[in-house]
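Student: I'd like a close look at one part of this protein, with the rest brought in where it helps. Could you take me through it in one go?

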Amino acid sequence: MESGIADFLANPWVYLSMPVISAVVGYGTNVVAIYMMFHPVEFFGIKVKNWPNILGWQGIIPRRAAHMASVCVDTITKHLITQEEMFARLDAERIAGELDGPLNAMIEDIVDKVMGEHQPTLWESLPQVVKRQIYKRVKSEMPSVISEIMEEIKTNINQMYDLKDMVITNLTKDKALLNQIFAEVGHAEFKFIARSGIYFGGLFGVVQMGVWVFYQEWWLLPAFGLAVGYATNWIALQMIFNPKEIVRVGPFRIQGLFMKRQEEVARDFGKLVAAQVLTPANIIEAILKGPYSDKVFTTIGRHVQRTIDEQTSVAKPFVTFTVGTQSYRRMKASAVTQIIDALPDALHHIEHYANDALDLENTLSTRLAGLPPRDFEGMLRPAFEQDEWILIAVGAALGMMVGIFQLVVLFGDEMGIWEGEAGAAAAAQSAVQWLSATGLG
């Protein structure tokens, strides 16, 4: 004991550097662990056919993008809003009115293309007065057709649109956006994890220094480094999510850091998801290109062809006699195709109305803020839970390596590490024995 105290008094800065180094190790390992959660977005390393990608790394969130996106959409659909409620907020007649102008501007081109393709001679021979009457009749029917199509889609929304598929498709395709959602939702928690490494690391360093004064074994510094790297990450994760409910200890109110920020997180999440994920543009694209798009197009085609038949009902015998039954059918099919091709451009005109009617930012924020803590935890916890052992293990390994560095640089001479080949061999042998005993070797 006396020799240890004497050594401390003789080399105070060496000893006092231990808490500082431990704090730096705690901070550094936590920062590395957080970085590894998000980066790299794509796998970086060597891929071996028929083998797991173990010779490289991909950020935990991008690597498990499908699962993370599924968790995100489950939170939305189970607790915040369903696709039935979303579409119930849209007024079919209002949408028809919003599309009236854009579709009217396209009607003449569509009619000209269809007639020019199938009956160019007949179409060219018609007087402009007759053509204008045809344009006018088609235009007058389009609002009711659009309204009927929208009502049918709303009534059968589960057979026409898949919200979960849309979110998962968009987030797995854009892993950077998935990263952004988790990074923004948990930005304060990730900062805390990094900074906690300084606090807990420094505290462990003080203990390490005190023990080293009285008990100097070469394995002590690597062991403390490992403990610091492991414990700082583990303790930080526990403090983020626990306790879920407020616990009163005297005058203090204790609750997990993430739970304390529920209103702030709800506001950020609602704003980001409404602006980047559940946008009218994405919803429209999912309807027109999603897994049920064929049913949507069938619905559109049925309504358009029925309207054509109704408009030509009086003259249909004459028309089919003039152009032929098969040609008449091809003309109807061509008209449907032309309208479907024109829809994506036309539907952009309803985005402003849809955004106001859906009011998703306010809905998501308000309902997320009101979730019970256990349900709210699901917003961020999946980013850690299944692979958090990797983050803790990386912190422990980095901490142990820094502990070895401390041992060699600060106390190498005192421990006899540099005393010739015999000293180095003895140290190496001791290291092997220690690693074997701990199961790391």
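Tutor: Let's go straight to isoleucine 95. Setting aside residues within four places of it in sequence, isoleucine 95 is in contact with Leu90, Ile146, Met150, Ile350 and Tyr353. Keep in mind that this is a predicted model. Isoleucine 95 belongs to helix H6, which covers residues 92-118. Its relative accessibility is 2%, so isoleucine 95 counts as buried; the cut-off for that label is under 20%.

Now pick out one of those partners, Tyr353. Isoleucine 95 and tyrosine 353 sit 258 residues apart along the chain, yet 8.0 Å separates their C-alpha atoms. Tyrosine 353 is part of helix H20, residues 351-358, where Tyr353, Ala354 and Leu358 are buried. Those three cover an arc of only 120° around the axis, so they lie on the same side of H20. Once you step off the end of H20, you meet aspartate 359, with a positive phi of about 50°.

Contacts across long stretches of sequence show up in the totals too. Among contacts in the protein with a separation of 6 or more, 79% are between residues 24 or more positions apart. The protein has 441 residues, of which 45% count as buried, and its secondary structure comes to 24 helices and four strands. The exposed area is about 22600 Å², with carbon and sulfur atoms supplying 60% of that.

From here, let's move to the charged side chains. Side chains of opposite charge can pair when their charged atoms come close. Searching the whole structure turns up seven salt bridges. Three residues are worth viewing together: Glu85, Arg89 and Arg367 are linked in a network of salt bridges. Glutamate 85 bridges to arginine 89 with the closest N and O atoms 2.8 Å apart. Glutamate 85 also meets arginine 367, this time at 2.9 Å, N to O. Because arginine 367 is in helix H21 (residues 360-369) and glutamate 85 is in helix H5 (residues 83-88), that second pair ties together parts 282 residues apart in sequence. How exposed are the members of this network? Glutamate 85 has a relative accessible area of 25%, so it is partly exposed. Arginine 89 is partly exposed with a value of 25%, and arginine 367 is partly exposed with 32%.

Another of the bridges pairs aspartate 74 with lysine 164, where the closest N and O atoms are 3.2 Å apart. This pair links distant parts of the chain, with aspartate 74 in helix H4 (residues 65-80) and lysine 164 in helix H10 (residues 163-173), 90 residues apart. Aspartate 74 counts as partly exposed at 21%, and lysine 164 is partly exposed at 34%.

For a polar side chain that is buried, go to glutamine 262. Glutamine 262 is in helix H15, residues 262-276, and its relative accessibility is 10%, so it counts as buried. A polar atom of the glutamine 262 side chain lies 2.8 Å from the backbone oxygen of leucine 371. Beyond residues up to four places away in sequence, glutamine 262 touches Leu368, Ala369, Gly370, Leu371 and Phe376.

Histidine 39 gives you a loop residue to set beside that one. Histidine 39 lies between helix H2 (12-38) and strand E1 (44-46). With a relative accessible area of 31%, histidine 39 is partly exposed. Leaving out residues up to four places away in sequence, histidine 39 touches Trp57, Gln58 and Gly59. Take glutamine 58 from that group: it is 19 residues from histidine 39 in sequence, with the two C-alpha atoms 6.2 Å apart.

Last stop, the surface. Ile5, Leu9, Phe214 and Tyr215 make a nonpolar surface patch of about 420 Å². Leucine 9 in that patch is found in helix H1, residues 2-10. Its relative accessibility is 62%, so leucine 9 counts as exposed. Set that against isoleucine 95, where we began, which counts as buried at 2%.

Note on methods
Residues numbered from 1 in each chain as written. Predicted model: local features only at pLDDT ≥ 70, side-chain atom pairs only at ≥ 80, totals over all residues. Heavy atoms only, no water. Patch = residues over 30% accessible without salt bridge, like charges linked within 9 Å, V, L, I, M, F, W, Y side chains within 5 Å. Areas by Shrake-Rupley, 256 points an atom, 1.4 Å probe, with all protein chains shown as cover. Salt bridge = Lys/Arg side-chain N within 4 Å of Asp/Glu carboxyl O. Helix = DSSP H or I, 4+ residues; strand = E, 2+ residues; numbered from the N terminus. Buried < 20%, exposed > 50% of the residue type's maximum accessible area, 1.4 Å probe, protein only. Contact = heavy atoms within 4.5 Å. Arc of directions from axis to C-beta. Polar contact = N/O pair within 3.5 Å; in protein donor to acceptor, adjacent residues only side chain to side chain.
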